[in-house]
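Hi,

Here is the structure I promised to pass on to you. Have a look at it first, and then read my notes below.

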Amino acid sequence: MRDGSDGRASVLVVEDDAAINDVVCRRLAREGLKTVSAFSGTEAQLLLSQGSFDLVICDLMLPGVPGEDVVRAIRAADESLPIIVASARTAPTDKVDLLNLGADDYLAKPFDLDELAARVQVQLRHRMRAGAAGASGGEGSRRFGRWVLDHASRTLSVDGEPLALTRTEFNIIELMAESPGRVFTKQELFEHAWGEPYVAQDSTVSAHVSNLRAKLKPTGTDDYIQTVWGIGFRVSSNFLKD
């Protein structure tokens, strides 16, 4: 984790409503986290270019650069930085669109501060475990057809070319690749990828699987991931062989 100079994890809170920004920062401070406030998308991009953070909480309706563009820019620069979107836009299509852009989680306003704090801690734990796995060498790499899954670096390569995956996307593909041919329910994938109880987040899991397929499509291996209607998803045992 990229901690601040005092050893605390650093969170960038991008929210133009000063009262909401302040109350979020105060609540996260109670978790022992260091917070930095940005009140526009433009300010957020400036802060991101000048320093490093362990997590970003981002509103969508921001002055200057819109929140969607902030999320898109973060993902272009860093596939592993956790992003939680907190927005008053609650339509299912909005949530799916943001997940497709690369957000790791989505919380609708008005939200419970304790729930936000819990989700932040989940994302930070994932980030810490990923860093520890990389430092310790993890479980090595395994080849499946044209894929190579490297647990140490948490990367998926196709024909030797690494694929840029978010942490959540890697968690999903990692679980499915452990048992080629086995069908994993959306609940199993959600609880493994997010580390929290499943609450019927069907669109969330499906959006991330859709992202995976879209990234794999140029390689011609997107059909390694199969949908089993009414149950979940699997990695085909026809393609993935040790």
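Let's start with a hairpin: strand 6 and strand 7 form one, with two residues between them. Glycine 145 sits in that turn and has a positive phi of about 60 degrees. Keep in mind that this is a predicted model.

The two strands of the hairpin, strand 6 (residues 141-144) and strand 7 (residues 147-150), run antiparallel and are joined by four bridges. If you want to find one of the partners by eye, pick arginine 143 and look across to valine 148 in strand 7.

Strand 7 is also worth a look for its aromatic ring. How many aromatic pairs does a search of the whole structure find? Just one. Its members are tryptophan 147 and tyrosine 224, and the pair is tilted, with 4.8 Å from centre to centre and 35 degrees between the planes. The pair links distant parts of the chain: tryptophan 147 belongs to strand 7, while tyrosine 224 lies in the loop between helix 8 (202-216) and strand 11 (225-228), 77 residues apart. Are these two buried or exposed? Tryptophan 147 and tyrosine 224 are both buried.

Next, go to helix 6, which covers residues 167-178. From its first C-alpha to its last, this 12-residue helix reaches 17 Å, close to the 16 Å expected at 1.5 Å a residue. Helix 6 is largely enclosed by the rest of the structure, because 11 of its 12 residues are buried. Among them are Phe170, Ile172, Ile173, Leu175 and Met176, but also Arg167, Glu169 and Glu174.

Leu175 gives us a way over to another strand. Leucine 175 and valine 235 are 60 residues apart in sequence, yet their C-alpha atoms are 9.5 Å apart in space. You'll find valine 235 in strand 12 (residues 232-235). Why does valine 235 count as buried? Because its relative accessibility is 0%, and the cut-off for buried is under 20%.

Finally, zoom out to the whole chain. There are eight helices and 12 strands in it. The chain has 242 residues, and buried ones make up 46% of them. Of the contacts between residues at least 6 apart in sequence, 60% join residues at least 24 apart. As for the surface, the chain exposes about 10700 Å², with carbon and sulfur atoms supplying 52% of it.

Have fun exploring!

Cheers

Note on methods. Residues are numbered from 1 along each chain as its sequence is written. This is a predicted model: local features need pLDDT of at least 70, side-chain atom pairs count only at pLDDT 80 or more; totals for chains, interfaces and linings use all residues. Side-chain values use heavy atoms; hydrogens and water are left out. Buried means under 20% relative accessible area, exposed over 50%, partly exposed in between (1.4 Å probe, protein chains only). Contact means heavy atoms within 4.5 Å. Accessible areas come from the Shrake-Rupley method with a 1.4 Å probe; for residues, only the protein chains shown count as cover. Two strands pair if DSSP finds at least two bridges between them. The expected span of a helix is 1.5 Å times one less than its number of residues. Rings of Phe, Tyr and Trp (its six-membered ring) pair if their centres lie within 6.5 Å; planes under 30 degrees apart count as stacked, over 60 as edge-to-face and the rest as tilted.
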